[in-house]
Amino acid sequence: MKFDLYELDGCFDEMLNEKLQPRAASRLLARKIEALPSAEIADRQRAADRALVQMGITFNVYGESAGVEKTLPFDLVPRIIAGSEWSRIERGLKQRIEALNLFIDDIYHGQKILKDGIIPSDVIFSSKGFRQQCIGFNPPRGIWCHITGTDLVRHSDGQIYVLEDNLRCPSGVSYVLQNRQLMKSLFPEVFAATRVRPVSNYPLRLRDMLEYLGPDGSSPRMVLLTPGVYNSAYFEHSFLAQQMGIELVEGSDLVVADNFVWMRTTRGFEKVDVIYRRIDDDFLDPKAFRPDSMLGVPGLMSVYQAGNVALANAPGSGVADDKVVYCYVPRIIKYYLQQDPILANVPTYICSEEADLKVVLEQLDKLVVKAANESGGYGMLVGPQSTAEQRAEFAERIKANPRNYIAQPTLSLSRVPTLVNESLEGRHVDLRPYILYSKDIFVLPGGLTRVALKKGSLVVNSSQGGGTKDTWVLASNELEQMDAIDDTVGLK
């Protein structure tokens with residue numbers, strides 16, 4: 001399968017340069033792909049599709065009439081990141097998470113950043129992620145954002161930008177682990193010769209992080225709290241619980257008594273010390289948040305505030321998920337760490353600011369507009385791909401509630417070769433690395449590369465027709481070894 005007919009269309013391609021030559025980090029894989037007949041590549045893709053079905057790797061799409069479960073599309077051409085570039089990304093993510101944790105703690109205590117005028121107070125107090133119930137609370141070990149998924153994109157200028165932060169219940173890491181297993185079976189000869197950094201230790205790292213939140217000198221009982229089988233990420237919940245060796249529970253499996261959380265078991269009630277919750281704040285405790293919630297545990301917040309159970313992520317951490325708060329993260333980093341951001345934000349218009357609002361309404365056909373607290377590709381307008389009617393409707397939404405919207409230039413997301421009808425075509429991608437905050441900050445090498453499978457689409461979300469790819473982060477000295485290992489796999 002050759003790249004002769006591959007089209008760049010002015011986009012930055014992660015595998016090939018402007019002359020359609022493989023970039024240094026991708027050279028070995030590109031040569032392997034070129035050496036394989038198109039039919040064999042297609043056979044390997046079909047093998048991957050069958051494996052996904054057999055492993056039950058699915059996600060749920062709300063509102064689908066044909067059935068709730070779908071197999072998450074997977075493309076076998078991976079995204080490759082050179083070790084030297086990853087080192088900078090890793091440093092930038094650690095810097096960002098450290099600053100955001102300090103920010104969340106400040107918001108629920110002294111609120112110095114508001115008093116100093118770095119962020120307008122009304123931005124915080126009007127945020128849907130702000131929790132009045134968390135004011136004055138000190139989470140275990142002083143950590144609020146234990147698990148973060150930060151979305152990154154590369155523009156046509158070749159630079160990596162932070163698109164958004166996900167600090168509530170970030171999903172997708174199970175697909176990272178399963179994709180890697182698939183790739184090892186599909187391209188064993190390339191894996192044998194290429195020094196790809198492993199991701200298989202993530203469940204152990206996650207378990208260690210949860211244990212760190214438990215009482216000192218004990219072996220804490222930990223559970224993963226799921227909304228249930230109809231949640232879009234239920235496969236991931238069950239997979240991670242199994243991989244960590246902890247119980248998967250629903251709200252009805254837990255009860256609050258004597259200011260502790262207890263789990264129903266066949267041996268009676270057993271105390272729970274740490275809860276990895278995959279339920280949003282609003283549904284976590286009907287006594288503290290939404291009284292109509294049937295998913296959470298009544299009284300859970302009172303036990304949490306008494307220090308008798310740990311929750312990851314901490315309730316209230318979603319204030320840093322707000323897309324308007326995102327606009328201020330460079331200032332947040334500078335304020336708390338006295339450092340310039342290593343990773344830049346995408347330039348962003350804040351619709352609640354009058355001058356920005358005027359620009360957004362005038363340029364809706366050129367911008368991407370996002371609702372401040374939506375996810376999954378919902379509540380979004382991609383201006384260049386929209387109709388006049390859609391833009392008019394969005395203009396009314398923005399004018400009715402400007403606080404709820406931001407706008408960004410339409411980035412030319414980088415692309416990766418993707419198998420389409422037995423040929424390779426470029427498809428746009430983003431990247432979601434996963435960060436764990438424990439005794440130190442750990443960044444999983446790579447993360448989830450999401451790919452927009454529809455030609456020309458910039459929306460990579462699975463709920464909007466996107467798929468995934470494996471992400472290979474190569475060891476730091478991989479470039480010096482490329483020529484030496486070419487002979488190993490017989491590609492010269």
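In the predicted model, the second largest pocket is lined by 17 residues, and L5, E7, L424, E425 and G426 are those that lie nearest its centre. The space within this pocket amounts to about 300 Å³. Among the secondary-structure elements, strand β19, spanning residues 423-432, gives the most to the lining, with 6 residues. When the lining is sorted by class, 8 residues are charged, 5 are nonpolar and 4 are polar.

Two open sheets were examined next. In one of them, 4 strands with parallel pairing follow the order β7-β6-β11-β12. The edges of this sheet are taken by β7 (247-249) and β12 (310-312), each of which pairs on one side only, and the twist from one strand to the next averages 25 degrees. Strand β11 (residues 274-277) runs parallel to β12 and is joined to it by 3 bridges, with I275 standing opposite L311 in β12.

Helix α9 lies across three strands of this sheet, namely β6 (222-225), β7 and β11, and runs at about 150 degrees to β7. The helix also packs against a second helix: α8 (residues 202-212) and α9 (residues 234-244) meet at an angle of about 80 degrees, and their axes are 9 Å apart. Because angles of 65 to 115 degrees count as roughly perpendicular, α8 and α9 are therefore described as roughly perpendicular to each other. On the α8 side the contact is made by P203, L206, R207 and L210, while α9 contributes L240, Q243 and M244. By class, the residues of this contact comprise 5 that are nonpolar, 1 that is polar and 1 that is charged.

The other open sheet is likewise built from 4 strands, here in the order β14-β17-β15-β16 and with antiparallel pairing. Strands β14 (349-350) and β16 (380-382) stand at its edges and have a single partner strand each, so that one side of each is left without a neighbour in the sheet. The pairing of β16 with strand β15 (residues 367-371) is antiparallel and extends over 3 bridges, and K370 is placed opposite M380 in β16. This sheet, too, has a helix lying across its strands: α14 (residues 388-400) lies across β15, β16 and β17 (405-409), and its direction makes an angle of about 135 degrees with β16.

Technical notes
Residues are numbered from 1 along each chain as its sequence is written. This is a predicted model: local features need pLDDT of at least 70, side-chain atom pairs count only at pLDDT 80 or more; totals for chains, interfaces and linings use all residues. Side-chain values use heavy atoms; hydrogens and water are left out. On a 1 Å grid over the protein atoms alone, a cavity is a set of points where a 1.4 Å probe fits but cannot get out, and a pocket is an open set with protein on both sides within 12 Å along at least five of seven lines; lining residues have an atom within 4 Å of a point. Grid points are joined across faces, edges and corners, and a volume is the space filled by probe spheres set on the points. Ala, Val, Leu, Ile, Met, Phe, Trp, Tyr, Cys and Pro count as nonpolar, Asp, Glu, Lys and Arg as charged, and the others, Gly among them, as polar. Axes are lines fitted to C-alpha atoms, for helices over the stretch in contact, and angles run from 0 to 180 degrees between N-to-C directions. Angles under 35 degrees count as roughly parallel, over 145 as roughly antiparallel, 65 to 115 as roughly perpendicular and the rest as oblique. Contact means heavy atoms within 4.5 Å. Two strands pair if DSSP finds at least two bridges between them.
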